[in-house]
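I opened this notebook page to look up how two helices pack and which charged side chains pair up. The entries follow the order in which I went through them.

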There are 2 protein chains.
Amino acid sequence: MKRRGVSELEAIELLRRVLSSRSPHVELGIGDDAAILSVGRQRLVWTVDTSQEDVHFDRRWLSMSEIGERAFEAAVSDLAAMGAEPLGALSALTLPRHVSEREIRELGRGQARAARRTGCPLIGGNISRGNELSITTSALGRAPRPLRRDGARPGDELWLVGPVGLARTGLELLRWGKPLVSAAERRAVAAWRRPKALLVEGRGLVGRARAALDVSDGLGGDAGHLSRASSVAVVVEATALRRALPRSLASAVARVGRDPLEQALAGGEDYALLATGPAKARPAFARCIGRVERGEGVWLEAPDGTRRALGPGFDHLG
Amino acid sequence: MKRRGVSELEAIELLRRVLSSRSPHVELGIGDDAAILSVGRQRLVWTVDTSQEDVHFDRRWLSMSEIGERAFEAAVSDLAAMGAEPLGALSALTLPRHVSEREIRELGRGQARAARRTGCPLIGGNISRGNELSITTSALGRAPRPLRRDGARPGDELWLVGPVGLARTGLELLRWGKPLVSAAERRAVAAWRRPKALLVEGRGLVGRARAALDVSDGLGGDAGHLSRASSVAVVVEATALRRALPRSLASAVARVGRDPLEQALAGGEDYALLATGPAKARPAFARCIGRVERGEGVWLEAPDGTRRALGPGFDHLG
């Protein structure tokens with residue numbers, strides 16, 4: 001259920017218009033991290049996510065095992081964002097002819113490692129030939145009280161769970177191609193190579209948060225999804241966000257010549273969680289980075305109270 | 001959960017060895033048309049299937065709407081084979097840059113048409129960029145008593161539900177490129193372009209059949225899957241199969257210079273169902289085309305009782 005770039009958004013809009021999701025079982029269709037189905041007394045959350053060579057990953061910087069692990073964690077992150085317990089996953093692989101037996105085995109080992117870590121067994125799939133390596137993972141979970149994007153209310157705090165900006169910094173360090181000289185830089189690269197779906201934290205938000213989603217498109221962009229789904233204004237407080245950022249980010253980001261705050265707003269592939277809820281309900285693992293107000297849009301508020309708009313799909317790299 | 005060609009089979013074997021599907025919810029993992037999950041009192045069947053340009057379809061012979069419809073029906077056919085009632089589907093699209101807005105809309109309309117026909121709402125998905133058009137559809141259903149591949153017993157009849165061989169004939173007529181001169185030829189092309197998942201028939205097999213699967217790899221190849229999963233010999237009776245073939249097949253196949261029987265054994269994309277069960281339980285819509293015996297392998301039995309083996313992945317076109 002990830003949206004990447006404006007053309008993808010347009011394509012989703014086109015498809016939303018021709019598709020009808022009316023059904024007695026469908027509680028929530030296109031537009032959240034995952035769909036919600038009611039089946040008997042169960043509420044299921046269900047997602048699909050594609051990792052495509054040269055779009056979502058580059059084989060120069062990832063082993064086959066990391067590619068498998070990363071694709072799996074990215075899909076399971078949608079379940080985390082809904083506060084769900086994973087039931088299982090299916091994986092559809094497209095394998096180019098040049099991929100060797102050893103590489104296929106490595107890819108599977110990476111998927112299996114993520115499956116064990118997340119407690120989400122990989123229970124089947126499909127393999128087909130193609131010219132580009134791609135991994136589509138569908139993950140299913142159950143959630144008695146799923147967290148949606150559309151529940152944020154004016155007066156809520158804005159919560160960040162997990163690091164944000166590190167993974168993007170790691171990718172830039174790899175693109176730069178210089179040897180990694182500090183623990184912070186190695187941590188940034190590891191954050192990009194081996195992100196972890198925040199399942200425990202996602203379930204810990206249930207009963208506390210009013211809305212949640214995972215940060216895959218960048219904190220700025222995903223705050224925009226939250227704002228539109230809930231019809232509210234989202235205010236990111238610069239000082240609070242800066243305080244919430246991991247210490248390693250400031251150190252690692254210096255080398256790529258960026259400001260940690262901008263990097264955090266643009267970065268997404270750490271698969272952090274963004275949530276909103278009443279101040280008194282905030283769990284210990286969540287940092288308050290702003291607030292929800294009446295209105296619309298996403299705003300970055302400076303210490304002096306001035307604001308600038310963060311547009312949809314905000315990305316300072318353009 | 002389709003297997004296509006020997007290399008895909010090998011890849012599945014490699015992955016099966018590194019993946020573990022042990023989980024309290026997983027009743028059946030890799031190796032059937034769909035996985036089976038037990039969640040509370042519900043039994044869910046779940047599949048994923050990829051349609052890839054130049055592997056599973058050719059845009060010269062299909063409109064975008066037909067591509068969408070076909071990919072959807074192929075995935076839902078796995079639910080039909082398990083005797084399941086569809087709950088919904090997710091679709092992951094990989095769209096090359098040259099695909100226009102109009103074409104995306106057409107693709108979605110084709111998916112929506114199949115969703116309406118099958119009663120399986122398309123409730124979400126994922127869109128990403130790539131150089132090859134591909135559609136991965138995950139379909140979820142519920143089945144209190146799912147039909148599996150591993151239940152066939154010696155003494156069972158072998159049942160065919162739906163046409164087989166027509167779709168392959170249609171594809172060959174298109175490849176040939178001559179104008180279609182008869183209703184039978186047009187029917188064959190329609191069978192390939194717009195296959196229909198046999199959901200009603202699949203549910204009608206529940207309580208009657210002991211095993212079932214859909215015919216996607218060719219009747220011969222899929223009988224092999226049934227034989228291996230159930231550890232039995234499958235005997236296809238040539239006379240009975242010939243009698244069960246649609247009349248239009250004999251007429252359409254003449255133009256491509258093949259024998260209808262061989263075409264039926266090699267053809268798969270009609271998405272017919274193959275099942276086994278006791279003679280007295282056979283529903284009116286199923287044709288008996290052979291029997292299940294102790295032993296192994298798939299055998300074609302001539303009227304004089306002589307047999308020849310149909311190997312795994314049997315395909316007379318090589």
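I first fixed my terms for accessibility: buried means under 20% relative accessible area, exposed over 50%, and partly exposed in between, with a 1.4 Å probe and protein chains only. I noted that this is a predicted model, in which local features need pLDDT of at least 70 and side-chain atom pairs count only at pLDDT 80 or more, while totals for chains, interfaces and linings use all residues. Residues are numbered from 1 along each chain as its sequence is written, chains are lettered from A, and side-chain values use heavy atoms, with hydrogens and water left out.

**Salt bridges**

I took a salt bridge to be a side-chain nitrogen of Lys or Arg within 4 Å of a carboxyl oxygen of Asp or Glu. By this rule I have 48 salt bridges over all chains.

I looked up B:Glu85 and found a salt bridge with B:Arg142, with the closest N and O atoms 3.1 Å apart. B:Glu85 is in strand E4 (residues 85–95) of chain B and B:Arg142 in strand E6 (residues 134–142) of chain B, so I wrote the pair down as a link between distant parts of the chain, 57 residues apart; here strands are DSSP runs of E with at least two residues, helices are runs of H or I with at least four, and both are numbered from the N terminus. B:Glu85 is partly exposed, at a relative accessible area of 22%, and B:Arg142 is partly exposed at 22%.

Next I checked A:Lys196, which forms a salt bridge with A:Glu69, the closest N and O atoms being 3.8 Å apart. Because A:Lys196 sits in the loop between helix H5 (183–193) and helix H6 (199–205) of chain A, and A:Glu69 in helix H2 (residues 64–81) of chain A, the pair ties together parts that are 127 residues apart in sequence. I recorded A:Lys196 as partly exposed at 29% relative accessibility, but A:Glu69 as buried at 2%.

**Helix packing**

In chain B, I found that the axes of helix H4 (residues 166–176) and helix H5 (residues 183–193) come within 7 Å and cross at roughly 105°, where axes are lines fitted to C-alpha atoms, for helices over the stretch in contact, and angles run from 0 to 180 degrees between N-to-C directions. H4(B) and H5(B) are therefore roughly perpendicular to each other, a label that covers 65 to 115 degrees.

Methods:
Angles under 35 degrees count as roughly parallel, over 145 as roughly antiparallel, 65 to 115 as roughly perpendicular and the rest as oblique.
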